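Grab a coffee and open the viewer. Here are some exercises to work through at your own pace, each with a solution to check yourself against.

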Amino acid sequence: MKKIVVASMRKNAGKTSLIVGIAKALHEKIGYMKPFGDRLFYRKKRLWDYDSALITHIFNLEENPEDMSIGFDPSKLRYMYDTESLKKKLHEVISEIGKGKDTVFVECGKDIGYGISVNLDAISLAQFIDGKLLIVISGDDDTILDDINLFKKCLHMTNINFGGVIVNKVRDVQDFKDTYLPGIMDMGIKVIGIIPSREELTHFSVNYLAERLLAKVITGEGGLHNTVKTILIGAMSPSTALSIPSFHEGNKVVITGGDRSDMILAALETDTAGIILTGNILPPQNIISKASERNVPLLSVPFDTYQTAKQIENIEPLLTKDDTDKIALWEHLVQEYLNVTELGED
Amino acid sequence: MRQKGVKTALIITSGFSEVGNITEEKKITAYAREHGVRILGPNIFGVYSAKASLNATFGTRDVIAGNVAIITQSGALGASMIGKTAVENIGLSAMVSVGNKADIDESELLDYLVTHDQTKIILIYVEGVKEGERLIKALNEATKKKPVVVIKSGRSAKGAIAAASHTGSLAGADEVFDALVRQCGVLRAEDIRDAFDWCKFLSNNPMPKGEHTVIITNGGGIGVMTADACEKYGVKLYDDLPALNGIFSGVVPDFGSTKNPIDLTGQATTAEFDGALNAALRNDEIDAVITLLSEVAVFDSENMPELIKKYYPQYKEKGKPILFSCLGGDKVQNCINSYHGSGHPVYGGAYEGVSCLGAMYRYYNYLANRSEEIARADIPEKAIEEIVRKAREDKRHFLLAHEAQSIMKAAGIPVSQSRVAQTLDEAVQCSGEIGYPVVMKIASKDIIHKSDAGGVALDLENSYEVIDAYQAIMQSCRTYNPNAKIEGVDILEMARPGTELIIGARRDKIFGPIVMFGLGGIYVEVMKDISFRAFPLNHHEITNMIKEVRSYPLLLGVRGEKKKDIDGIMDTIIKLGTIIKKCEAISDIEINPLVAYEEGEGVKALDVRILLLKGER
């Protein structure tokens with residue numbers, strides 16, 4: 001059983017999506033764990049990591065997502081484990097999850113140092129379970145080079161099985177290869193893939209938005225699968241809004257006050273994926289009926305417009321179990337831009 | 001002016017506080033006060049007094065003297081109302097325009113008009129209220145003696161969109177005004193037409209002695225429609241069927257109906273109406289009559305005016321209100337027109353007249369149930385002040401959960417057991433001490449609406465669930481507000497289920513202490529099933545405010561459930577009101593939810609929020 005530890009220098013680098021793409025491309029029986037969960041979901045007194053639940057679903061894994069994480073908050077880990085008992089727990093979980101599997105992916109927390117105070121950072125994990133460490137790096141070209149240089153320096157201080165670097169979300173792959181790859185190779189860092197960025201991977205559905213904002217769906221449930229490409233704040237008058245070209249673009253979500261019937265109607269008159277009503281204020285019934293007729297979801301949130309926009313700004317376009325097109329695209333990107341065979345080599 | 005003996009100056013001139021020129025208005029008022037002169041206005045259209053035969057307004061000169069006094073904040077509307085009273089033949093005892101209310105306001109005028117013998121009814125048009133507490137007091141005194149009709153514009157203005165408490169955000173200016181004036185027995189009209197109709201009816205008809213109203217009709221359809229109107233306007237129909245049969249069997253044909261509405265059938269003429277009206281007049285069980293006259297082929301419409309002329313004075317003399325709703329062609333319309341402006345209660349449709357009778361019955365019920373009793377509760381003021389003082393020292397404008405619970409306990413309001421845990425170890429320990437199952441809630445002054453932040457976990461049955469919940473709450477709350485200072489978590493006893501209610505009390509900026517009651521839980525702001533009252537109030541009014549919410553049947557027990565402990569709910573309302581009344585440092589108290597159990601089993605406050613007045617030290 002191969003043990004691949006996947007970490008990133010910074011958050012939102014695309015670790016989980018890459019694991020999905022690699023696992024699909026490998027055509028092997030895989031296992032997954034995320035010892036230090038950071039995207040927690042708490043429902044009906046059960047706590048699990050979003051990524052664990054996603055991968056369990058996509059690959060029909062038999063294990064419970066709750067058992068794929070050891071903790072989510074340092075307070076729990078300090079309360080329950082010391083270094084030795086933590087190592088023991090890790091080995092127990094990985095041997096249980098790895099039963100009958102060809103490869104087990106161990107995903108680290110949001111960045112390379114996350115969880116270091118409780119020994120669940122990327123380096124500690126790779127050492128404890130004797131796994132091969134893959135580092136995912138993304139960002140602009142300078143950030144990528146900074147991160148690779150930093151990692152190179154850290155690598156000297158550690159005794160780990162380093163598998164290589166995957167550079168993700170690159171705007172121009174050929175340009176990157178021509179300009180930076182030779183220098184990176186000279187540093188002795190193995191680059192096993194350079195994956196281009198794709199705009200369609202940054203879109204999400206109205207349902208995803210509703211779940212992330214913990215919004216109440218007032219009506220238009222049939223439109224929850226609508227794809228969101230643009231977010232607009234409806235603060236202006238309807239006539240001004242209607243004169244803005246982006247207001248007429250499809251796949252937009254409009255954020256406006258629940259008492260702005262005029263703006264809600266203007267949004268309903270154009271191609272709109274969904275409308276977020278702020279301030280916990282519901283519009284009159286005739287407006288709700290109109291949205292219902294047009295199957296445009298109305299999402300009610302308790303926050304004001306600024307807070308709502310800020311929260312949306314921070315939403316990561318995570319993969320969901322229903323994103324079959326995105327999953328297929330990740331498999332394709334991995335097959336085309338990543339040397340999968342190198343993952344098996346020491 | 002003072003040297004010349006002038007006691008009051010009327011300032012008609014505009015251009016003061018209504019356009020932002022507050023300084024000059026204050027300067028004039030201060031100067032007048034210094035010299036013992038009272039100011040009416042500025043920005044008014046004048047004063048009319050029937051007693052002094054004075055019309056110092058720039059409204060119409062044709063004012064009819066009578067017994068209705070009008071106080072108006074709007075000059076233009078006041079001027080046009082004078083004209084309208086003349087058309088409607090409503091006699092005025094006085095008309096005062098208050099304008100910017102720099103000195104004399106509605107409250108003072110009300111105090112005067114209560115003792116004004118010529119005034120039988122007071123009509124007030126209000127746009128904004130400055131000193132609400134004083135107005136409520138004046139209205140309370142006025143309605144003891146005479147009906148007060150109020151028109152207030154600005155219903156749509158929402159006073160408080162975003163506030164720290166549900167009570168604050170639900171207490172829109174108009175909702176509070178509406179509840180409070182109704183509590184004083186004021187009749188609030190939607191528009192001028194309603195207001196004038198009511199004033200005319202109230203000034204020309206006697207107050208009923210009871211609530212047994214009878215509809216006498218010659219048409220089934222209009223009878224049912226009027227019964228609907230009675231339901232809408234709260235007019236109770238007399239429903240003692242044997243008694244009704246005894247009264248009307250002699251005048252109703254066999255194929256008619258002596259059930260209320262009394263259906264004389266389409267064959268009836270004014271002669272049959274005469275018999276029925278005479279029977280109703282003589283019977284002491286009947287307190288009010290609605291007469292529906294529909295013009296059918298056999299109906300002698302030409303005799304309608306005579307019928308009305310005969311019975312209206314007799315009913316008036318007997319102390320029974322009567323009204324006539326007439327439907328039909330030219331003759332009927334001529335009859336209605338002939339009585340227009342006469343003071344006779346003759347209407348062209350079913351709803352107009354019943355709306356007037358409904359207003360009269362609202363006032364009748366108010367007087368019948370009016371009580372000088374004030375619901376009181378003993379609360380430990382010193383202990384509360386001490387808790388507030390400590391919060392002030394900590395530079396807080398709110399109380400922490402355990403402080404709020406201490407106040408509830410001191411006031412005798414049952415609360416669920418709770419402990420504050422600052423670490424996961426303490427959370428597990430506290431849960432064990434309280435006993436499973438427990439509830440966990442974030443403790444942070446920066447996170448007011450805990451559910452929205454993912455800061456609440458319910459029904460935790462063992463230490464593993466407590467550990468997971470602790471992690472989930474900490475992560476969610478840090479994401480919700482990364483800058484929030486988190487003091488830890490509150491561990492509370494998991495109360496057994498019951499009906500979740502909300503009870504709030506707040507110090508309204510305009511009206512002073514108010515209390516709120518309604519259906520509680522997390523959807524309180526969506527459902528908005530709430531009622532307000534000014535505090536103090538009596539037990540009868542508390543019962544009314546509980547009955548007023550749409551969810552009241554839940555308290556009586558639905559689908560086999562038993563009645564809930566309404567006494568416990570009333571007791572909690574009184575205690576919260578008393579705290580807000582007596583402890584001036586507290587601005588808002590809210591219990592949401594307050595769980596009400598079955599009758600005799602009490603209530604329990606699960607979450608209490610107390611806010612302090614800002615700026616006070």
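The exercises below go from whole chains to helix pairs and then to single residues, and the model behind them is a predicted one.

**Exercise 1. Sizing up the two chains**

Task: For each chain, find how many helices and strands there are and what share of the residues counts as buried.

Solution:
- Step 1. Start with chain A, where you should find 14 helices and 15 strands. Of its 346 residues, 42% count as buried.
- Step 2. Move on to chain B, which has 21 helices and 24 strands. Here 48% of the 617 residues are buried.
- Step 3. Now look at contacts between residues 6 or more positions apart. In chain A, 67% of them involve residues 24 or more positions apart. In chain B, 71% join residues at least 24 apart.

**Exercise 2. Where the chains touch**

Task: Work out which elements of chain B give two or more residues to the side that touches chain A, and sort that side by residue class.

Solution:
- Step 1. Count the residues: 18 from chain B are in contact with 15 from chain A.
- Step 2. On the chain B side, the elements giving two or more residues are α16 (424–434), α17 (463–480) and α18 (524–527).
- Step 3. Pick the top contributor: α17(B) gives the most, with 8 residues.
- Step 4. Sort by class, and the chain B side comes out as 9 nonpolar, 4 polar and 5 charged residues.

**Exercise 3. A helix under cover**

Task: Take helix α1 of chain A (residues 15–26), compare its reach with the expected value, and decide whether it is mostly covered or mostly open.

Solution:
- Step 1. The helix has 12 residues and spans 16 Å from first C-alpha to last, close to the 16 Å expected at 1.5 Å a residue.
- Step 2. Check burial: 10 of the 12 residues of α1(A) are buried, so mostly covered is the right call.
- Step 3. Name some of them: the buried residues include Lys15(A), Leu18(A), Ile19(A), Val20(A), Ile22(A) and Leu26(A).
- Step 4. Step just past the end of α1(A), and you meet His27(A) with a positive phi of about 55°.

**Exercise 4. Three helix pairs in chain B**

Task: For the pairs α11/α12, α7/α13 and α14/α15 of chain B, find the angle between the axes and the residues that meet.

Solution:
- Step 1. Helices α11 (304–318) and α12 (330–339) cross at roughly 35°, their axes coming within 9 Å. Met304(B), Pro305(B) and Ile308(B) of α11(B) make the contact with Val332(B), Cys335(B), Ser338(B) and Tyr339(B) of α12(B). By class that is 6 nonpolar, 1 polar and no charged.
- Step 2. Helices α7 (192–204) and α13 (350–369) cross at roughly 65°, with axes that come within 9 Å. That angle makes α7(B) roughly perpendicular to α13(B), and the crossing is right-handed. From α7(B), Asp194(B), Asp197(B), Trp198(B), Phe201(B) and Leu202(B) meet Glu352(B), Ser355(B), Cys356(B), Ala359(B) and Met360(B) of α13(B). The classes here are 6 nonpolar, 1 polar and 3 charged.
- Step 3. Helices α14 (381–393) and α15 (401–411) pack at about 170°, axes 10 Å apart. Because angles over 145 degrees count as roughly antiparallel, α14(B) is roughly antiparallel to α15(B). Ala383(B), Ile384(B), Ile387(B) and Ala391(B) meet Glu403(B), Ser406(B), Ile407(B) and Ala410(B). This contact has 6 nonpolar, 1 polar and 1 charged residues.

**Exercise 5. Buried or partly exposed?**

Task: Place Ser14(B) and Gly223(B) in the chain, then assign each a burial class.

Solution:
- Step 1. Ser14(B) sits in the loop between β1 (8–10) and α1 (22–34) of chain B, while Gly223(B) belongs to helix α8 (220–233).
- Step 2. Ser14(B) has 17 other C-beta atoms within 10 Å, so it is partly exposed. Gly223(B) has 23 C-beta neighbours inside 10 Å, so it counts as buried.
- Step 3. Skip neighbours within four places in sequence and list contacts. Ser14(B) touches Pro42(B) and Asn43(B). Gly223(B) touches Ile215(B), Thr217(B), Pro261(B), Asp263(B) and Leu292(B).
- Step 4. Finish with C-alpha distances. Ser14(B) and Gly99(B), 85 residues apart along the chain, are separated by 8.9 Å. Gly223(B) and Ala350(B), 127 residues apart in sequence, are 8.7 Å apart in space.

How values were computed:
Residues are numbered from 1 along each chain as its sequence is written. Chains are lettered from A and ligands numbered from 1 in the order in which they are written. This is a predicted model: local features need pLDDT of at least 70, side-chain atom pairs count only at pLDDT 80 or more; totals for chains, interfaces and linings use all residues. Axes are lines fitted to C-alpha atoms, for helices over the stretch in contact, and angles run from 0 to 180 degrees between N-to-C directions. Helices (H or I, at least four residues) and strands (E, at least two) are DSSP runs, numbered from the N terminus. Two residues are in contact if their C-beta atoms, placed from the backbone, lie within 7 Å. Ala, Val, Leu, Ile, Met, Phe, Trp, Tyr, Cys and Pro count as nonpolar, Asp, Glu, Lys and Arg as charged, and the others, Gly among them, as polar. A residue is buried if 20 or more other C-beta atoms lie within 10 Å of its own, exposed if 12 or fewer, and partly exposed in between; C-beta atoms are placed from the backbone. The expected span of a helix is 1.5 Å times one less than its number of residues. Angles under 35 degrees count as roughly parallel, over 145 as roughly antiparallel, 65 to 115 as roughly perpendicular and the rest as oblique. A crossing is left-handed if the near helix is turned anticlockwise from the far one by less than a right angle, and right-handed if clockwise.
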